[in-house]
Amino acid sequence: MTEQMTKWQVVAASVMGTSHSKRSQPCQDAHCWRLLPNGVLAASVADGAGSATLAEVGAKIAVEAVVETICRQSEKLPEDDSQWQVFLTSALQVARAAVETEAATRGVAARDLACTLIAVVATPELIAVAQIGDGAVVAGDNQGSAIALTVPPCGEYINETIFLISPNAIETAQFHLRREKMAHLAVFSDGLQMLALKIPEGTPHSPFFAPLFRFSAQVQDESDAQQQLESFLRSPRVSERTDDDLTLLLASCLSSELPEN
């Protein structure tokens, strides 16, 4: 009998927003992901605070720290639902400590490296998410349905959010665990919120996700797919509706046959 192997196929990109380009600012978004041999996807997306002078540094450090922490513990993933929050909280704490250490090394305040942060662990059977600040995580099935796993917090002001270095950021983070085989996954920064979600309720806009999920499932060449995704994020369809930095990580869960021994 031929054995089936299921794994995630990923394509991701971060691009500079038009407002940052006009002000000669760097892209302050960052993403990081890694596929592990046991079928686990570790992924993270961060959006540096526009007011933070080293936002892009904080975002990069945070996503790399999250993914590295998840990978180190990937052989001992929680079995009990209640332990997933503990597992992801640990990753957020490591990321926060890494940002604070970098700030101390540079002799600046931690707020100068402020960023939001999303952490994701996905296996073929479940998706676990932790989120601080805005952005969102959406899952999809093969029937075209899109389901919000997290939603951007709605503050009093449209650009108000919480950052990794904010007081009580980790204690008030969003957590979500979905034990279900989902075909697709999207993780994105707040630059795409108004296109991808119905605000303020945070319901996914299915016509936005359906073609993206089809695209991620059909990737043949990772480098070419990344270029196509970057072109989409820079296209008039997107840039005419948002001038912020943009990050989008797409993953599709695919099955392949293993040769018989």
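# Aromatic pairs, nonpolar cores and paired strands

Ring pairs join Phe188, Phe208, Phe209, Phe213 and Phe232 into a cluster. The model in which this cluster appears is a predicted one.

The aromatic rings are a convenient place to begin. A pair of aromatic rings is described by two quantities, the distance of the centres and the angle of the planes. Rings count as a pair if their centres lie within 6.5 Å, and by this rule there are five aromatic pairs. In one of them, Trp84 and Phe87, the ring centres are 5.4 Å apart and the planes stand at 70°, so the pair is edge-to-face; the cut-off for that class is an angle over 60 degrees. Both residues belong to helix α3, which covers residues 81-106, and because they are three residues apart there, about one helical turn separates them. Trp84 has a relative accessibility of 2% and therefore counts as buried. Phe87, at 7%, counts as buried as well.

The pair formed by Phe188 and Phe209 has another geometry. Its ring centres are 6.0 Å apart and its planes are at 45°, so this pair is tilted. It also links distant parts of the chain, since Phe188 is in strand β9 (residues 184-188) and Phe209 is in helix α5 (residues 206-217), 21 residues apart. Phe188 and Phe209 are both buried. These two residues are also members of the ring cluster named at the start.

From the rings we turn to the nonpolar cores. The largest nonpolar core holds 43 residues, and the members that touch the most others are Leu92, Leu117 and Leu164. The elements contributing two or more residues to this core are β2 (29-35), β3 (41-47), α2 (55-72), α3, β4 (117-122) and β5 (127-132). Of these, α2 gives the most, with 11 residues. What does Leu164 contact, leaving aside its neighbours within four places in sequence? Its contacts are Ala62, Leu92, Ala95, Arg96, Val99, Cys115, Leu117, Ile132 and Ala169. Leu92 and Leu117, which appear among these contacts, are the residues listed with Leu164 as touching the most other members of the core. Apart from this core lies another, of 26 residues, which include Ala186, Leu197, Phe213 and Phe232. Phe213 and Phe232 also take part in the aromatic cluster.

Several of the strands that contribute to the largest core pair with one another. β2 and β3 run antiparallel and are paired over seven bridges. Within this pairing, Leu35 has Leu41 of β3 as its bridge partner. The hairpin of β2 and β3 has five residues between the strands, and in it Gly39 takes a positive phi near 85°.

β3 is in turn joined to β4 by five bridges, again in the antiparallel sense. Ser44 has Ala119 of β4 as its bridge partner, and Leu41 has Ala122 of β4. Leu41 is thus a bridge partner of Leu35 and of Ala122. β4 then pairs with β5, antiparallel and over six bridges, with Ile127 of β5 as the bridge partner of Ala122. The hairpin that joins β4 to β5 passes through four residues.

Are the faces of β3 and β4 covered or open? Seven of the seven residues of β3 are buried, so this strand is largely enclosed by the rest of the structure. On one side of β3 the buried residues are Leu41, Ala43, Val45 and Asp47, and on the other they are Ala42, Ser44 and Ala46, which leaves both faces covered. β4 is likewise largely enclosed, because six of its six residues are buried. Both faces of β4 are covered, by Leu117, Ala119 and Val121 on one side and by Ile118, Val120 and Ala122 on the other.

A polar residue in β2 completes the tour. Asp29 is located in that strand. Its relative accessible area is 6%, so Asp29 is buried. With which side chains does the side chain of Asp29 make polar contacts? One is the side chain of Ser189, at 2.7 Å, and another is the side chain of Thr247, at 3.0 Å. Leaving aside neighbours within four places in sequence, the residues in contact with Asp29 are Ser14, Ala46, Asp47, Gly48, Ser189, Asp245, Leu246 and Thr247. Among these, Ala46 and Asp47 are buried residues of β3, on opposite sides of that strand.

Technical notes
Residues numbered from 1 in each chain as written. Predicted model: local features only at pLDDT ≥ 70, side-chain atom pairs only at ≥ 80, totals over all residues. Heavy atoms only, no water. Phe/Tyr/Trp six-rings, centres within 6.5 Å; stacked < 30°, edge-to-face > 60°. Buried < 20%, exposed > 50% of the residue type's maximum accessible area, 1.4 Å probe, protein only. Core = buried A, V, L, I, M, F, W, Y, C linked by side-chain atoms within 4.5 Å. Contact = heavy atoms within 4.5 Å. Polar contact = N/O pair within 3.5 Å; in protein donor to acceptor, adjacent residues only side chain to side chain. Pairing = 2+ DSSP bridges.
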